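Me: Could you take a close look at one part of this model for me, the salt bridge and the loop around it? I'd like to see how that spot fits into the rest of the chain.

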Amino acid sequence: MGEMTSNQLGVIGALFLSVASSVSIVIVNKALMSNLGFPFATTLTSWHLMVTYCTLHVALRMNFFENKPVDMKTVILFGILNGVSIGFLNLSLGFNSIGFYQMTKLAIIPFTVLLETIFLKKHFSQKIKFSLFVLLIGVGIASITDLQLNFLGTVLSLLAIITTCVGQILTNTIQKRLNVSSTQLLYQSAPFQAAVLFVSGPLVDQCLTKQNVFAHKYSPIVLAFILLSCLIAVSVNFSTFLVIGKTSPVTYQVLGHLKTCLVLAFGYTLLHDPFTSRNIAGILIAIVGMGLYSYFCAHENKKKQGGDFSSMSQNKDKDTTPLLANGKKMAHQDEENPTEK
């Protein structure tokens, strides 16, 4: 019971850290890009990952965690895949309307469910699917304003969806199958993610903004916000791996849509962004979907744990009954054949 409570507290802490750090970094990055005129999102992400790796390296030297070697080929491919997915998401945002980009993010949940069902044989009940449907409808109403399609943008969105889904499924699978912690996996993969984005980031940003990141004038306040963004990103990257490892890729995406609703609310409260009755209705529907998802997940986990406990009890009975029966049978045979002793 104590172990179960500790595990639940760990999950709640990971979820809270993910929400708090993600909403914080969105607010800081919005100020950095919109108000201070620093539009280089992909390059900034590469700096985030480099600072994350350096921070974890210091933590390793201070014995906050132990490094566990993982197959280098697996780590390199995993790091490159995650780096590429970030690049595709940014390109999708650049070549599509905001509405279509939000549709891309919404499509990640059903595509993840599809991949896990086909390749990992994972079962999602009708109740879970219904709650996810309600959630997606709510977020769609709250965040999607316009839908403008173009061929290149659609291809980039599909690539972003595929790479993001596979990357998040692997984040969960690698941690569980290779028995590595979120910190150990992030420490080993962050340099490869950073390298991919450090090389491609300036090119992607120049393609999207028509500006050169190296020719940008860095004022003290811009540098201060970049540093703050990088420090918050350490918590974002750590909590991302932690949440996916402790829960599932689908739960992480559900959490991501909660962040979207919170960002919309914070934008209205702090930055005075326009907020309509449609936004409010969408957020309320999304909250209902999240509540249903949480309730159904908790209910199914209890049923699963109860089933596992009863099956363990039955296995114990099966294991002990033959032994007792064999013992009685042997004793009976000894009584019938005393001369054979």
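**The salt bridge and its surroundings**

Reply: K122 has a relative accessibility of 32%, so it counts as partly exposed. Keep in mind that this is a predicted model. The partner of K122 is E116, and their side chains meet in a salt bridge at 3.8 Å, N to O. E116 has a relative accessibility of just 3%, which is under the 20% cut-off, so it counts as buried. As a general point, side chains of opposite charge can pair when their charged atoms come close. The structure holds one salt bridge, and the pair K122 and E116 forms a salt bridge.

Now for the loop. K121 sits between α4 (98-119) and α5 (126-143). What is the phi of K121? It is near 55 degrees, a positive value in a residue other than glycine. That is worth a glance because most residues other than glycine have a negative phi. K121 has a relative accessible area of 69%, over the 50% cut-off, so it is exposed.

There is another residue with a positive phi to put beside K121. N63 is not a glycine either, and its phi is about 65 degrees. N63 lies in the loop between α2 (41-61) and α3. With 66% relative accessibility, N63 counts as exposed.

The loop after N63 leads to α3, so let's follow that helix, with this in mind: two packed helices are described by the angle between their axes and the distance between the axes. Helix α3 (residues 72-95) packs with helix α6 (residues 151-177) at an angle of about 145 degrees, and their axes are 8 Å apart. The crossing of α3 and α6 is left-handed. By class, 14 nonpolar and 10 polar residues make up this contact, with no charged ones.

For a buried spot elsewhere, try S21 in helix α1 (residues 2-35). S21 has 5% relative accessibility, so it counts as buried. Apart from neighbours within four places in sequence, S21 is in contact with I232, S235, V236 and S239.

Stepping back to the whole chain, it has 10 helices and zero strands. Of its 341 residues, 42% are buried. Among contacts with a separation of 6 or more, 87% come from residues 24 or more positions apart. The accessible surface comes to about 19000 Å², and carbon and sulfur atoms account for 68% of that surface.

Notes: Residues numbered from 1 in each chain as written. Predicted model: local features only at pLDDT ≥ 70, side-chain atom pairs only at ≥ 80, totals over all residues. Heavy atoms only, no water. Helix = DSSP H or I, 4+ residues; strand = E, 2+ residues; numbered from the N terminus. Buried < 20%, exposed > 50% of the residue type's maximum accessible area, 1.4 Å probe, protein only. Contact = heavy atoms within 4.5 Å. Areas by Shrake-Rupley, 256 points an atom, 1.4 Å probe, with all protein chains shown as cover. Axes fitted to C-alpha atoms, helices over the stretch in contact; angles between N-to-C directions. Left-handed = near helix turned anticlockwise from the far one by under 90°. Nonpolar A, V, L, I, M, F, W, Y, C, P; charged D, E, K, R; others polar. Salt bridge = Lys/Arg side-chain N within 4 Å of Asp/Glu carboxyl O.
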